[in-house]
Amino acid sequence: MYSEKVLKEFRHPKNLGKIHNPDGLGKVGNPVCGDLLWIYIKVGKNKKGQEIIKDIKVKTFGCVAALATSSKLTTMAKGMTLDEALKINKEKIAKELDGLPPQKMHCSVLSMDGLRRAIEDYRNKKAGRIEPSKKQPSRSSCRHRNKKGNGKSN
Ligand code: FES
């Protein structure tokens with residue numbers, strides 16, 4: 001069902017944990033399947049003066065695909081400019097993992113949404129706007145349900 005790369009990423013996930021006083025925090029969750037994810041970023045600058053993701057950590061409470069894709073996303077995003085990181089999409093994450101089962105493609109959306117919210121949180125703070133990180137976790141676009149519709153994840 002899963003590729004070797006997905007299983008390897010799941011068994012040895014990267015960048016797990018939390019950053020204290022992050023520059024940006026993205027919290028996303030799916031109350032239907034119960035998966036939750038937090039992404040923390042620290043922002044720095046590259047030699048050209050562009051803002052980059054200097055450090056990134058993730059906490060994932062979810063399925064195999066959610067954990068593997070969130071780990072892969074953090075390794076992809078680290079060192080990217082914020083605008084480059086915003087271009088990471090579920091297809092790119094899946095490609096890096098040699099694909100995901102079609103019914104699990106939506107799981108990669110959770111980490112993608114988390115990163116986008118973390119960058120949004122950073123930009124809002126910088127602009128002096130209300131911090132989305134102070135709000136409750138927002139719903140991801142993940143719409144997973146099991147056959148009985150009782151919200152349990154597999
Ligand atoms: Fe994997 Fe919803 S994110 S089941």
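Reader: How many bridges join strand E1 to strand E2, and do they run parallel or antiparallel?

Author: Pairing between strands is read from the bridges that link them, and in this predicted model 6 bridges join E1 to strand E2 (residues 36-45), with the two running antiparallel. One of the partnerships can be followed residue by residue, since the bridge partner of Gly29 in E2 is Leu36.

Reader: Why is strand E1 described as largely enclosed by the rest of the structure?

Author: A residue is buried if 20 or more other C-beta atoms lie within 10 Å of its own. In strand E1 (residues 24-29), 6 of the 6 residues are buried, so the strand is largely enclosed by the rest of the structure. Gly24, Gly26 and Val28 point one way from E1, while Leu25, Lys27 and Gly29 point the other way, and all of them are buried. For the protein as a whole, buried residues make up 41% of the 154 residues.

Reader: Which pattern does the protein follow along the sequence?

Author: Helices and strands are read in order along the sequence, and here they give α-β-β-β-α-α-α-α-β, which comes to 5 helices and 4 strands.

Reader: Which elements have the lowest and the highest mean pLDDT?

Author: Confidence is read element by element: strand E4 (residues 138-139) has the lowest mean pLDDT, at 63, and helix H3 (residues 82-86) has the highest, at 98. Over residues 145-154 the pLDDT is below 50, although this stretch has 14 contacts in the model beyond near neighbours in sequence. Across the protein the mean pLDDT is 88, and 82% of the residues reach 70 or more.

Methods
Residues numbered from 1 in each chain as written. Predicted model: local features only at pLDDT ≥ 70, side-chain atom pairs only at ≥ 80, totals over all residues. pLDDT = per-residue confidence, 0-100. Contact = placed C-beta atoms within 7 Å. Buried ≥ 20, exposed ≤ 12 C-beta atoms within 10 Å, placed from the backbone. Pairing = 2+ DSSP bridges.
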